[in-house]
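Hi,

Here is the structure I promised to pass on to you. Have a look at it first, and then read on for what turned up inside.

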Amino acid sequence: MTAGHAIAFLLFAVVAAITPGPSNLILMSTGAAVGVLRGLPALVGQAVGMGLMLFVVAFGLGSLVLKSPLILLGLKWCGIGFLLWLSWKIATAGRSEETEERVHVGFWEAVGFQWVNPKSWLICAGAVGTYFQAEAGGALGQSVSLALLFILAALPSCFVWLAAGASLQRFLRTERASRIFNVAMGALLAGSILLFIW
């Protein structure tokens, strides 16, 4: 991969990682519930999960999934179901310990969520279709490079969402403020599903 190609892909990855979507809304809710330090596993899980998915899609295994309408449909509805469930948990969470228990997403949950997140599949398919160069060498090397570059770009890009959530903690000290924030985040997360239904 040339330096110009790597820079172009990094720019794509930053934009893909920092734009609003279900994963970033979950990160923001996690940051608001537990702060930056305790939210770092979710951040790393989100970046690693996307990197792994990008590796799988670029290496060719993902093409089996992307070419199978039945598998895609199953992933879509599993993702929608999970998002609705998580939206409900966020919207109905109370304050402090209850919020931490109900909203906190850890490393493995964040990794796993990428595999049912329709935005993640769209990003990976788009990235591979645009930046994978069949003539540039082996699939393994390119797949690893794309995955590592995406993780490198996603960590600081997604950190913005975690930090934004954590910065809201001081405003969420009352039960009413917490409730309003949680309902708003749950509604936004549920609303993000509309982008993937049609």
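The largest cavity holds about 120 Å³ of space. Please keep in mind that this is a predicted model. The cavities of 30 Å³ or more number two in this structure, and I will take them in turn.

Starting with the largest cavity, 17 residues line it, and those nearest its centre are A16, S23, Q46, M50 and K119. Four helices give two or more residues each to this lining: α1 (3–18), α2 (22–59), α7 (118–131) and α8 (139–167). Of these, α2 provides the largest share, with six residues. By class, the lining of the largest cavity has nine nonpolar residues, seven polar ones and one charged one.

Now for the other one. The second largest cavity has a volume of about 80 Å³. Which residues line the second largest cavity? They are S23, I26, L27, A42, Q46, F82, L86, V105, E109, A110, F113 and Q114. At least two lining residues come from each of α2, α4 (69–91) and α6 (107–114). Here again α2 gives the most, this time five residues. The classes in this lining are eight nonpolar, three polar and one charged.

If you want a place to begin in the viewer, try S23 and Q46: both are among the residues nearest the centre of the largest cavity, and both also line the second largest cavity. Helix α2 is worth following too, as the top contributor to the lining of the largest cavity and to that of the second largest.

Happy browsing, and best wishes

Conventions. Residues are numbered from 1 along each chain as its sequence is written. This is a predicted model: local features need pLDDT of at least 70, side-chain atom pairs count only at pLDDT 80 or more; totals for chains, interfaces and linings use all residues. Side-chain values use heavy atoms; hydrogens and water are left out. On a 1 Å grid over the protein atoms alone, a cavity is a set of points where a 1.4 Å probe fits but cannot get out, and a pocket is an open set with protein on both sides within 12 Å along at least five of seven lines; lining residues have an atom within 4 Å of a point. Grid points are joined across faces, edges and corners, and a volume is the space filled by probe spheres set on the points. Ala, Val, Leu, Ile, Met, Phe, Trp, Tyr, Cys and Pro count as nonpolar, Asp, Glu, Lys and Arg as charged, and the others, Gly among them, as polar.
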